[in-house]
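Colleague: I'm new to reading models like this one. Could you pick a single part and take me through it slowly?

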Amino acid sequence: MKLKMLCLTLGLILTVPSLAAANGKVPDTKGEQREDAPCDCQEGKQHHHHHMHRDWHAHMAEKEQKLLTWVDQYTPDKKAEWTKVLAEKKTLRNEWMSPENAEKREKWKKEKMAKMEELKKQFDEGKLTKEEFIKQAHGGKHMGHWKTFHELKLAVEKKDDKRAAVLLNQLLDQAKQHNQRVKEMLKLE
C-alpha cells in the first residue's frame with residue numbers, strides 16, 4: 001500500500017509541472033515543437049496523464065471560465081486583477097514552453113528528478129514519513145492551489161458566499177505566487 005501511494009504521489013508530482021506547462025504541443029529536447037503527438041495509451045485503460053492530451057486546452061479554458069464566473073459572483077471588485085494574473089500566467093507558460101527555454105526546462109526537470117530520487121531514497125530508508133515526503137516533494141505550498149480550487153468548488157456548491165470569497169482571494173494570491181516562481185525559473189541560467 002505504501003509503495004502504491006508513493007508511486008501515485010511521484011506520478012502526480014511529476015505530472016503537475018507538465019500540466020501547468022502543457023500547451024497542446026509535445027516539447028522536443030531539440031527545442032522544436034511537434035503538433036499533437038498521438039497518444040500511446042492502451043485503449044480502455046485510464047492513465048493520469050490523459051489530462052495532457054488534446055482536450056487540455058478546452059479543460060483549462062472551461063476551468064478558467066468557471067473561475068471568472070465565480071469571481072464575478074463573489075469578488076467582483078477583483079475581476080481586473082484576476083484577468084491580469086490569468087493573462088500573465090498564459091504569457092509566462094508560453095515563454096517557458098518556447099524553444100528558447102528548452103535548455104532551462106531540461107535543467108529544471110533534471111534537478112527536480114534528482115530531488116525526487118533523493119527524497120524517495122530517504123523515504124525508503126525510513127528517514128522521512130509519508131507526510132514529510134509529500135510536503136518536501138511538493139515544495140511546501142506549491143500544490144495549495146489544487147486543494148484551494150477544490151474547496152472553492154465545494155463552497156460554491158454549498159452556496160457559502162463568505163467562504164467562496166475568502167477562497168477566491170486565497171487562490172488569487174496563489175496564482176500570483178505561481179507567476180512569480182515561473183518568472184524566477186525563466187531568469188535562471
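**A close look at helix 6 and its surroundings**

Modeller: Let's start with leucine 154, which counts as partly exposed because its relative accessibility is 35% (buried is under 20% relative accessible area, exposed over 50%, partly exposed in between, with a 1.4 Å probe and protein chains only). This is a predicted model, where local features need pLDDT of at least 70, side-chain atom pairs count only at pLDDT 80 or more, and totals for chains, interfaces and linings use all residues. Residues are numbered from 1 along each chain as its sequence is written, and side-chain values use heavy atoms, leaving out hydrogens and water.

Leucine 154 is found in helix 6 (helices are DSSP runs of H or I, at least four residues, numbered from the N terminus). Go 10 residues along the chain from leucine 154 and you reach alanine 164; their C-alpha atoms are separated by 8.6 Å.

Now for threonine 148, also placed in helix 6, which covers residues 144–157. Threonine 148 counts as buried, because its relative accessibility is 3%. Leaving aside residues up to four places away in sequence, threonine 148 touches Leu167, Gln170, Leu171 and Gln174 (contact means heavy atoms within 4.5 Å). With glutamine 174, threonine 148 also shares a side-chain polar contact of 3.1 Å (N or O atoms within 3.5 Å, one able to donate a hydrogen and the other to accept it; residues adjacent in sequence count only if both atoms are side-chain atoms).

Helix 6 also has a part in something bigger: the largest nonpolar core, with 18 residues (buried Ala, Val, Leu, Ile, Met, Phe, Trp, Tyr and Cys joined through side-chain atoms within 4.5 Å). Two or more of those residues come from each of helix 2 (56–74), helix 3 (79–96), helix 6 and helix 7 (161–187). Helix 7 gives the most to this core, with 6 residues. Leu67, Trp70, Trp82, Leu152 and Leu168 have the most contacts inside the core. Take leucine 67: not counting residues up to four places away in sequence, leucine 67 touches Trp82, Phe149, Leu152, Leu168 and Leu171.

What about helix 2, then: which of its residues are buried? They are Trp56, Leu67, Leu68, Trp70, Val71 and Tyr74. Looking down the axis of helix 2, these buried residues fall within an arc of 160°, so they line one face of the helix (the arc is taken from the directions from the helix axis to the C-beta atoms). The face of helix 2 turned away from that buried side carries the exposed residues Glu62 and Gln73.
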